[in-house]
There are 2 protein chains.
Amino acid sequence: MDKYSCLKIENQLCFPLYACAKEVVRKYKPFLDRIDLTYTQYITMMVLWERNTVNVSELGECLYLDSGTLTPLLKKLETKGLVRRERSREDERVMVITLTEKGLALRDEAVDIPAQMGGCMNLDPEDAAQLYRILYKILKTPSEG
Amino acid sequence: MDKYSCLKIENQLCFPLYACAKEVVRKYKPFLDRIDLTYTQYITMMVLWERNTVNVSELGECLYLDSGTLTPLLKKLETKGLVRRERSREDERVMVITLTEKGLALRDEAVDIPAQMGGCMNLDPEDAAQLYRILYKILKTPSEG
DNA sequence: TGCGATTAAATTGCATACAATATAATTACC
DNA sequence: GGTAATTATATTGTATGCAATTTAATCGCA
């Protein structure tokens, strides 16, 4: 145990987290290609399928993304005809995102994807539950002590 | 339980993985800023601190990254004077990356970072061990059945 | 009521990521 | 030995991500 052992990749917890997230998102790609969405676009649509209408900051809170990422992404979804972007009447600063008919219809094509991905991950239910619990524990940890 | 419940964000396992990885990397930033490295540059240096010399494809296997990411990144580390990039004598296709004196010296400044990050994550040892085990289980799953 | 502070998005700049393609060197094999 | 196939990087193109800044609208409050 030398003084640098803490700097070994194999002793890191953050690294497998980083690598695993990338690999899993990469595994989604073939399935998402069929409905012409990227992973980030897909999770954005998920929020809209649940809520129908959200504004940019609410979306950012749900997805842990900021307007620098969301603004161009939402413009792309608008170009694809999946969402509408309109300023709120009550507060012109707020950009309201609404699902279109086409966006709603896409849900029926996406409904098989979670099961297909589950097959890829190959985790038994206990591990999946543990992983879920621990990840949300980390996510819930306040930013600054 | 409607037929679309599988598409809810809260029922996803991939999403907290994706979000958690991003948040943890973001928490590294203040510590990495002090030694002027990005997270990806940091894990690249970690491999070099362990091995002293690697080529691009070995690095790619360790870090789950390809040459499209690594080539520009390694050029930046070279510009900073932390590594040397030289073609192998035996096989000119191979780009050999070697730690410089300056790159080696940086290890002493990085040695506190893992402990500082551990403080941020706020996980008890059992959860950390579970998380580590499960993440590597996923990473080890072969790409195609 | 008017103006400074705050807030919500958008923009800018930099650094990844990865698929697909291109290039150059090496191997296989006839 | 010479050429097709393979291999290792590099390049190109597209899509994030995030910090910092800007812009526009709204709020707080004297």
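Biologist: Which side chain does K137(B) meet in a salt bridge?

Modeller: The model is a predicted one. A salt bridge pairs a side-chain nitrogen of Lys or Arg with a carboxyl oxygen of Asp or Glu within 4 Å. The N to O distance here is 2.7 Å, and the partner of K137(B) is D127(A).

Biologist: How many salt bridges does the rule find across the interface of chain A and chain B?

Modeller: The pair K137(B) and D127(A) is a salt bridge between the two chains. Polar contacts there, with both residues at pLDDT 80 or more, come to 16 residue pairs. For salt bridges across the interface, the rule gives 8.

Biologist: Which element gives the most residues to the side of chain A that touches chain B?

Modeller: Elements that give two or more residues to this side of chain A are α1 (14–34), α2, α3 (56–63), α5 (101–110), α6 (113–121) and α7 (125–140). The greatest contribution is 14 residues, and it comes from α1(A).

Biologist: How many residues of the side of chain A that touches chain B are nonpolar?

Modeller: The contact takes 60 residues from chain A and 60 residues from chain B. On the chain A side, 6 residues are polar and 13 are charged. The nonpolar residues of that side number 41.

Biologist: What area is buried between chain A and chain B?

Modeller: The size of an interface is often expressed as the accessible area lost when the parts come together. Carbon and sulfur atoms give 70% of the area buried between chain A and chain B. L7(A), L13(A) and Y18(A) supply 11% of what chain A buries against chain B, more than any other three residues. The area buried between the two chains is about 5,900 Å².

Biologist: Turning to the DNA, what share of the atoms of strand D within 4 Å of the protein belongs to sugar or phosphate?

Modeller: A phosphate oxygen of DNA strand D is 3.1 Å from a polar backbone atom of E92(A). Another such distance, from a phosphate oxygen to a polar backbone atom of M95(B), is 3.2 Å. Bases account for the rest of the strand D atoms within 4 Å of the protein, and the share of sugar or phosphate is 78%.

Biologist: Which residue has a side-chain N or O atom 2.8 Å from a base nitrogen of DNA strand D?

Modeller: The surface near DNA strand D has 7 nonpolar, 10 polar and 13 charged residues. Of the 30 residues around the strand, those that come nearest are T38(A), Y18(B), S67(B), T71(B) and M95(B). The residue with a side-chain N or O atom 2.8 Å from the base nitrogen is S67(B).

Notes
Residues numbered from 1 in each chain as written. Chains lettered and ligands numbered in written order. Heavy atoms only, no water. Near = heavy atom within 4 Å. Polar contact = N/O pair within 3.5 Å; in protein donor to acceptor, adjacent residues only side chain to side chain. Nonpolar A, V, L, I, M, F, W, Y, C, P; charged D, E, K, R; others polar. Contact = heavy atoms within 4.5 Å. Buried area = accessible area lost by both parts, 1.4 Å probe. Helix = DSSP H or I, 4+ residues; strand = E, 2+ residues; numbered from the N terminus.
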